[in-house]
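Reader: I am new to this structure and would be grateful for guidance on how to read its features. May we begin once it is shown?

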Amino acid sequence: MPSSKAQKYSLAEQELNLLWGAWVELGVSGWQRTHGDWAIDPEPLIIRTATLGDSEPRLRDEALDWCIRYPRYISRVRLRNLLGGLSSSSSDAWGRFAATVNAHSNVRWPNATQEVRYKTTGRSKLESLERPSRAWIRLRAMFGLGARTEILRFFLDDPPRSKSGISRMADVATIASSIGYAKRNVAEECEPLEKAGLLKMRQKGNRFFYSFARDAELRALVGEIASVRPDWPKLLKVTSAFVALESAARSMPGKAIMVEAYRVAQSLDDDLHVLGIEARPHLAQPDSYWPEVRDFAHGLMAAWGSGRWPTEDDRR
């Protein structure tokens with residue numbers, strides 16, 4: 001069972017703690033640093049923050065300030081690729097957020113609709129990229145925006161190997177799915193990286209697999225990377241689904257919320273596996289589906305919200 005401390009906060013509040021913690025690491029004005037050990041991935045963070053809309057106006061306004069001030073570090077192509085599958089209400093909130101950024105900067109973010117009245121706060125400061133939590137932004141400052149940089153991030157995301165170890169190997173489809181770029185873009189960019197000696201390629205049938213060729217040299221050049229490196233699109237898919245489920249539970253009849261809890265837990269199973277969360281709800285008794293999923297979500301998100309990666313105790 002989750003701790004009593006975890007139960008003091010709603011899942012929405014715990015997700016908000018996670019979002020604030022991530023934004024503070026990127027230089028947004030906030031109360032305290034809690035996620036210094038996390039490598040922050042900006043595009044999924046921006047999208048999830050934007051979709052909260054008017055429900056979290058202070059976070060939205062501070063995130064808008066950052067996006068207007070530092071759009072050069074954000075990939076418009078990746079934003080577009082990650083926006084698929086939003087609900088109509090989330091799409092509306094994103095459209096207003098993107099239009100506001102566009103109106104106050106020289107960028108053209110996708111799916112923009114009608115800007116909202118906004119005055120920049122001027123409190124965002126990204127003075128240095130040396131923090132380990134800013135490693136993925138630092139990588140873009142070094143190599144530019146685009147699929148090529150994100151391919152390098154994909155391989156840097158893997159723990160460093162010993163000289164006798166085997167480096168991560170992945171095909172184009174796997175890399176594309178992870179980094180939020182089209183397979184065509186990834187294939188086009190892996191080839192020059194191989195020719196430059198940064199990647200090694202192995203062909204199996206009609207599939208091309210790549211791995212790092214100069215792991216140590218690139219890590220030395222890029223610098224320190226925070227130790228917690230989640231798949232942010234999947235992480236925020238999980239948190240948003242649990243928040244929506246908790247909200248639905250307030251008005252759903254008992255049997256309906258049990259069915260919905262089961263459906264949500266099953267739909268997130270692959271995402272939780274990718275995130276390395278293996279101790280998931282057993283869902284053995286229909287009458288306990290919602291309590292079991294709720295307690296699991298509280299333990300998980302209390303850890304994420306406080307800047308910890310969950311342990312087995314958090315997930316029981």
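Author: Let us begin with a term. Helices (H or I, at least four residues) and strands (E, at least two) are DSSP runs, numbered from the N terminus. Residues are numbered from 1 along each chain as its sequence is written. This is a predicted model, in which local features need pLDDT of at least 70 and side-chain atom pairs count only at pLDDT 80 or more, while totals for chains, interfaces and linings use all residues; side-chain values use heavy atoms, with hydrogens and water left out.

Reader: In which helix is Leu221 placed, and is Leu221 buried or exposed?

Author: Buried means under 20% relative accessible area, exposed over 50%, and partly exposed in between (1.4 Å probe, protein chains only). Leu221 lies in helix H11, residues 215-222, and counts as exposed because its relative accessibility is 53%.

Reader: Which residues form a nonpolar patch with Leu221?

Author: Patches are made of residues with over 30% relative accessible area and no salt bridge; like charges are joined within 9 Å, and nonpolar side chains (Val, Leu, Ile, Met, Phe, Trp, Tyr) within 5 Å. A salt bridge is a side-chain nitrogen of Lys or Arg within 4 Å of a carboxyl oxygen of Asp or Glu. Accessible areas come from the Shrake-Rupley method with a 1.4 Å probe, and for residues only the protein chains shown count as cover. Here Met142 and Phe143 join Leu221 in a surface patch, with about 270 Å² of accessible area together.

Reader: What covers the buried residues of helix H6?

Author: Contact means heavy atoms within 4.5 Å. The cover includes helix H3 (42-52), helix H4 (57-69) and helix H5 (76-82). Among the buried residues of H6 are Trp94, Phe97 and Val101, whereas Ser88, also found in helix H6, is exposed at 58% relative accessible area.

Reader: How many disulfides does a search of the whole structure find?

Author: A disulfide is a covalent bond between the sulfur atoms of two cysteines. The search, which looks for a pair of cysteine sulfur atoms within 2.5 Å, finds 0. Cys67 is buried, with a relative accessible area of 0%, and Cys190 is buried with a value of 0%.

Reader: Which value of phi does Leu283 have?

Author: Most residues other than glycine have a negative phi. Leu283 has a positive phi, near 55 degrees. Leu283 sits in the loop between helix H14 (269-274) and helix H15 (289-306), and counts as buried because its relative accessibility is 10%. Asn111 also has a positive phi, of about 60 degrees, and lies in the loop between H6 and helix H7 (135-143).
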